[in-house]
Every structure is written in structure tokens, then in C-alpha cells.
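Work through the exercises below with the sequence and the model side by side. Try each task before reading its solution.

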Amino acid sequence: MKHIASCSFGKDSLATVLLVIENKLPLDEVVFYDTGMEFDEIYQTRDMLLPILKEHHITYTELKPKRPFIDTMINYPHKARNGKLKNGYGWCGGLCRWGTTEKLKALDKYCKGSIQYVGIAFDEKPRLERLHNEKNKLSILEKLQMTEKQCLDYCYSKGFNWNGLYNYLDRVSCWCCRNKNLKELKNYKKYLPIYFERLCELEQRIGEPMKKPYYLKERFKDD
């Protein structure tokens, strides 16, 4: 059976790929679902890994959304829960994780019939419990008892550092993910001003604060 690692190029999924290779476990392919809304550091990390995959004769594949993420967020016409026509799904994250749903469906479809390595760390117990109910999916990090911090330290030891992104963010997901907490968003303004401005622009285009009730520039006006 084919073995595929789904990799977002965050710390846990990257550690998964590196550990599978290091432990000489079967790995035929690495697949990345590119939303188009990833941090530049994610693409830089991808480019660092590609020569390693090539050296070990591991196929690399990229999947993309059916339509551009930003278009679905802002323009895509659909019926809202109240039955009215609405343009765009708005923010992704929290209770409305439309982008995550599309991503998981695409990865599941692509990896169907294969063993799929998933980057879930040993200390992510609720996610691991759900994973145990999924056929043909496994976490090497669970088997090796690798926590999230250990995964990050391991990646650092291998020369991957995301240009310090994990110093400012708890999780490196899409830069527009609504699950970003206030501490992270404050760090956007201080350390990642380009992305802070992008978020502020998105708030205006969507017509809704990323974190209610205040728009970001108002919330952090004194910071």
C-alpha cells in the first residue's frame, strides 16, 4: 500500500516527514494543500524540503482549492443559513471552518487507498482520539511520543526556523485564520506589519471585524 505524508510545512507535519525519513519508514509521496494564503515562510520551508525529498526519491505533490481562496472568502455567491443569497463565506476559523473542510476533503480524496501520515503531536490528545477513528491514518509523532515543543525543537535542530515565525505565533496556519488569538494578532502589528495590514484590508473587504466587536486597527490603536 502506498504511504503518503500530508504536510502543511508547519512544525508538526514537517517533523513527521523528517522523522519518517530518518527512521527509514516507508514514504512514497508528500502532499501539500496550498490555500494560497500561507505565510511566505511556509513556501520557503517547502523549498528547503524539496531537495531532501528528491534525494530520497519521494514524490512531491501540491493540491489547490477549486477556486481561489480569497474569491471564496469574498465573492462566491451562495445561500446563507437564513436562506438569503450572500457573496463570500467570510472569515475562515472558529465555528465556520469552510476552508479547513475543503482542505481535508481534498486530502482525503487524494490519499484514499493509501496509508496517510498525519502531523498530530503526542500532547494533542483530542485530535489523536479523533484520528484513531480514521481508517489508514496514523501519527508517527504519537508513536515516538513527540510533543509539539519537541517537534519544533527537532525542526530547529535540522535547520528549519521559519525566520522566527514561531516566536510570534502559537500556530503557523493560514495568515488570515480567524483562530489567531489576540496575543498573536498584537504580534502581527509589532513584528509582522505586512500581514497586519493585509488583515485590516480583509476586514474592510469582508465588512466584518476579524475579532468582534472591534476592527484590528481600533483594537490595537495604542500598541
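**Exercise 1. Cysteines**

How far is the sulfur of Cys7 from the closest cysteine sulfur, and in which residue does that sulfur lie?

*Solution.* Before starting, note that this is a predicted model, in which local features need pLDDT of at least 70 and side-chain atom pairs count only at pLDDT 80 or more, while totals for chains, interfaces and linings use all residues. Residues are numbered from 1 along each chain as its sequence is written, and side-chain values use heavy atoms, with hydrogens and water left out.

Step 1: recall that a disulfide is a covalent bond between the sulfur atoms of two cysteines; here it is counted when a pair of cysteine sulfur atoms lies within 2.5 Å. Step 2: the closest cysteine sulfur to that of Cys7 belongs to Cys155 and is 8.8 Å away, which is too far for a bond. Step 3: Cys174 is in no disulfide either, as the nearest cysteine sulfur, that of Cys176, is 5.4 Å away. Step 4: the count for the structure is 0 disulfides.

**Exercise 2. Burial**

Decide whether Cys7 is buried or exposed, and do likewise for Cys174.

*Solution.* Step 1: take the cut-offs, where buried means under 20% relative accessible area, exposed over 50%, and partly exposed in between, with a 1.4 Å probe and protein chains only. Step 2: Cys7 has 3% relative accessibility, so Cys7 counts as buried. Step 3: Cys174 has a relative accessible area of 16%, and therefore Cys174 is buried.

**Exercise 3. The sheet**

Find the order of the strands in the open sheet and name its edge strands.

*Solution.* Step 1: helices (H or I, at least four residues) and strands (E, at least two) are DSSP runs, numbered from the N terminus, and two strands pair if DSSP finds at least two bridges between them. Step 2: the open sheet has 5 strands in the order β3-β2-β1-β6-β7, with parallel pairing. Step 3: β3 (59–63) and β7 (137–138) are the edge strands, each pairing on one side only. Step 4: look at β6 (residues 115–117), which pairs with β7 in the parallel sense over 2 bridges; Gln116 stands opposite Lys137 in β7.

**Exercise 4. Empty space**

Which residues line the largest cavity, and which element gives the most to that lining?

*Solution.* Step 1: on a 1 Å grid over the protein atoms alone, a cavity is a set of points where a 1.4 Å probe fits but cannot get out, and a pocket is an open set with protein on both sides within 12 Å along at least five of seven lines; lining residues have an atom within 4 Å of a point. Grid points are joined across faces, edges and corners, and a volume is the space filled by probe spheres set on the points. Step 2: the whole structure has 1 cavity of 30 Å³ or more, and about 30 Å³ of space lies in the largest cavity. Step 3: its lining consists of Tyr33, Pro65, Arg67, Phe69, Thr72, Trp98, Gly99 and Glu102. Step 4: α4 gives the most to this lining, with 3 residues. Step 5: for Gly99, which is found in helix α4, the relative accessibility is 7%, so Gly99 counts as buried.
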